[in-house]
Amino acid sequence: MAEEKQPETEEEQGPALPQALYDWLQALVMALVCIILIFTFVGRFIYVSGHSMEPTLYDKDMMIIQELGYTPKQGDVVVLTKPSEIAEGPIVKRVIATEGQTVEIDYEASCVYVDGEKIDDSYLGESMRQPSDPNMSITSVTVPEGCIFVMGDNRNHSNDSRDVRLGVIDERYVIGRAVFVVLPFENFGAIE
């Protein structure tokens, strides 16, 4: 007759449970270290504050930004931290032109030209109007070396490089490029 196998007792199992807990804790710590390194050197989370980027980004959207090795390019949505009296904290805008490019704004035609060519601004929600704020007076500029010209996608409600108090932005103020919205879930996805 075959002998019935008796279940092992805790003493016979040895240190299996403590070893399993140790392995899980070690894996958790390694995952946290990797996440911290990624967000320290590659990117981080930033919240959108305000309505100047609608309909691309909305107030309180949480997005991931790419920091490491990023150089601003025309059309990118960037986060910057230029000290200014018109904004506190990170500013989210779209790069319209980079160093050496000439920007011309035609409010009558509701168009922005870079180096004489109309930019594709199909992402805008409405036609651009002449601002009533006298500080929003920059309509033509050649972007200096190491700088960018930025505008909000909600052009009629955006303080941006058209404002003499902000003007062109030194690239050293750029934190990174906004790449992905993670919250709220209804806005989840890559940023065009």
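Partly exposed, the term used for Asp133 in one of the views below, describes a residue whose relative accessible area falls between the buried range, under 20%, and the exposed range, over 50%. With that in hand, welcome to a tour of a predicted model.

**Figure 1. The whole chain, with its two helices and 12 strands.** Let us start with the overall layout. Reading from the N terminus, the order of elements is α-α-β-β-β-β-β-β-β-β-β-β-β-β. The protein has 192 residues, and buried ones make up 37% of them. Eight salt bridges are found in the structure, and several of them get a view of their own further on.

**Figure 2. The largest pocket, holding about 240 Å³ of space.** Here we look at the pocket and its lining. There are 16 lining residues, and those closest to the pocket centre are Ser49, Ser52, Ala87, Ile91 and Lys93. Sorted by class, the lining is made of eight nonpolar, six polar and two charged residues. Lys93, one of the residues closest to the centre, sits in strand β4, which covers residues 91-98.

**Figure 3. Lys93 of strand β4 beside Gly152.** This view stays with a residue you have just met. Is Lys93 buried or exposed? Lys93 counts as buried because its relative accessibility is 4%, and the cut-off for that class is under 20%. The C-alpha atom of Lys93 is 4.9 Å from that of Gly152, although the two residues are 59 positions apart along the chain.

**Figure 4. A salt bridge between Arg94 and Asp153.** Move one residue along from the previous view. The side chains of Arg94 and Asp153 meet with an N to O distance of 2.8 Å. This pair ties together distant parts of the chain: Arg94 belongs to strand β4, while Asp153 lies in the loop between β9 (147-151) and β10 (169-170), 59 residues away. Arg94 has a relative accessibility of 4% and therefore counts as buried. Asp153 is buried as well, at 2% relative accessibility.

**Figure 5. A salt bridge between Arg165 and Asp133.** Here is another pair that joins two loops. The N to O distance between the side chains of Arg165 and Asp133 is 3.5 Å. Arg165 is in the loop between β9 and β10, and Asp133 is in the loop between β7 (117-118) and β8 (140-142), so this pair, 32 residues apart, also links distant parts of the chain. How accessible are the two partners? Arg165 has 29% relative accessibility and counts as partly exposed. Asp133, at 27%, is partly exposed too, because that value lies between the cut-offs of 20% and 50%.

**Figure 6. Further salt bridges, including the pair Asp160 and Arg162.** The closest N and O atoms of Asp160 and Arg162 are 2.8 Å apart. Both Asp160 and Arg162 are buried. Elsewhere, Lys118, Asp121 and Arg155 are joined in a network of salt bridges.

**Figure 7. A nonpolar patch on the surface.** Now to the outside of the protein. Which residues form the nonpolar patch? Its members are Leu25, Leu28, Val29, Leu32, Val33, Ile35, Ile36 and Leu37, and together they have about 710 Å² of accessible area. Val33, one of these residues, is part of helix α2, which spans residues 16-41. With a relative accessibility of 38%, Val33 counts as partly exposed.

**Figure 8. The loop between β1 and β2, home to Pro55 and Lys60.** Some backbone geometry helps with this view. Most residues other than glycine have a negative phi, and most peptide bonds are trans. The peptide bond from Glu54 to Pro55, however, is cis, with omega near 10 degrees. Pro55 lies in the loop that runs between β1 (43-47) and β2 (62-66). Lys60 is also placed in the loop between β1 and β2, and its phi is positive, at about 75 degrees, although Lys60 is not a glycine. Lys60 is exposed, with a relative accessible area of 58%.

**Figure 9. Backbone details at Ser110 and Pro184.** Two other loops complete the tour. Ser110, a residue other than glycine, has a positive phi near 55 degrees, and its place is the loop between β5 (102-106) and β6 (111-114). The peptide bond from Leu183 to Pro184 is cis, with omega near -5 degrees. Pro184 is found in the loop between β11 (174-183) and β12 (189-190).

Definitions and conventions. Residues are numbered from 1 along each chain as its sequence is written. This is a predicted model: local features need pLDDT of at least 70, side-chain atom pairs count only at pLDDT 80 or more; totals for chains, interfaces and linings use all residues. Side-chain values use heavy atoms; hydrogens and water are left out. On a 1 Å grid over the protein atoms alone, a cavity is a set of points where a 1.4 Å probe fits but cannot get out, and a pocket is an open set with protein on both sides within 12 Å along at least five of seven lines; lining residues have an atom within 4 Å of a point. Grid points are joined across faces, edges and corners, and a volume is the space filled by probe spheres set on the points. Ala, Val, Leu, Ile, Met, Phe, Trp, Tyr, Cys and Pro count as nonpolar, Asp, Glu, Lys and Arg as charged, and the others, Gly among them, as polar. Patches are made of residues with over 30% relative accessible area and no salt bridge: like charges are joined within 9 Å, nonpolar side chains (Val, Leu, Ile, Met, Phe, Trp, Tyr) within 5 Å. Accessible areas come from the Shrake-Rupley method with a 1.4 Å probe; for residues, only the protein chains shown count as cover. A salt bridge is a side-chain nitrogen of Lys or Arg within 4 Å of a carboxyl oxygen of Asp or Glu. Helices (H or I, at least four residues) and strands (E, at least two) are DSSP runs, numbered from the N terminus. Buried means under 20% relative accessible area, exposed over 50%, partly exposed in between (1.4 Å probe, protein chains only).
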